[in-house]
Amino acid sequence: MKRKGRYVVEAAFLIPGICMLMVYMVFFTLYAHDYAVCIHAVLETGIRGSYQDGRTNVQVKEDTERELAQKLSERLLWLQKKSLEVKVSPVRLSIRVSGSGSFLPVSGIEVQQEIGRIRPCETIRRSRWIRAMEEKEDGDTI
């Protein structure tokens, strides 16, 4: 008789613990996803804005902020209160994204990236997505 009740007590402690662990794993996955999306969006937008193409620094800042806000609004899952900060100088482009969500006990996400504007890497210059974006702006079909 004493042995039969022991399994019920063990299950009463284990099942809620396992469920809580699974819920936290899902929330952590959402956090990790948004962190990766922020880093990728900042790099993608920053590399595109780093080219000296005749635009003024103010135009580069406005275009970068608009493009970054659009990309983040389309891709984020957890981050709700976000702030974007773009600083443009003749030498570098500094982009900072920070924010927080509502259901994880973490302080939030903060991504800061600086991209040089003088002589960008040849690999980046020849990448396919840069050429595709330039063709798209020129009105050509991809």
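**Close-up 1. E67, a buried glutamate in helix α2 of this predicted model.** With a relative accessible area of 12%, E67 counts as buried, because the cut-off for that label is under 20%. E67 sits in helix α2. Its side chain makes a polar contact with the side chain of R48, at 2.8 Å. Leave aside the neighbours within four places in sequence, and E67 is in contact with T45 and R48. So R48 turns up twice here: as a contact of E67, and as its side-chain polar partner.

**Close-up 2. Y31 and W78, the one aromatic pair in the structure.** Here the two rings meet edge-to-face, 5.3 Å from centre to centre and with 75 degrees between their planes. Y31 belongs to helix α1, which runs over residues 2-49, while W78 is found in the loop between α2 (57-75) and β1 (81-88). The pair therefore ties together parts that lie 47 residues apart in sequence. As for cover, W78 is buried, and its relative accessible area is just 1%.

**Close-up 3. A nonpolar surface patch made by L14, I18 and M22.** Now for a look at the surface. These three residues, L14, I18 and M22, make a patch of about 310 Å². I18, one of the three, lies in helix α1. Is I18 buried or partly exposed? Partly exposed: the relative accessible area of I18 is 44%, and that label applies because the value falls between the 20% and 50% cut-offs.

Conventions: Residues numbered from 1 in each chain as written. Predicted model: local features only at pLDDT ≥ 70, side-chain atom pairs only at ≥ 80, totals over all residues. Heavy atoms only, no water. Phe/Tyr/Trp six-rings, centres within 6.5 Å; stacked < 30°, edge-to-face > 60°. Helix = DSSP H or I, 4+ residues; strand = E, 2+ residues; numbered from the N terminus. Buried < 20%, exposed > 50% of the residue type's maximum accessible area, 1.4 Å probe, protein only. Patch = residues over 30% accessible without salt bridge, like charges linked within 9 Å, V, L, I, M, F, W, Y side chains within 5 Å. Areas by Shrake-Rupley, 256 points an atom, 1.4 Å probe, with all protein chains shown as cover. Salt bridge = Lys/Arg side-chain N within 4 Å of Asp/Glu carboxyl O. Polar contact = N/O pair within 3.5 Å; in protein donor to acceptor, adjacent residues only side chain to side chain. Contact = heavy atoms within 4.5 Å.
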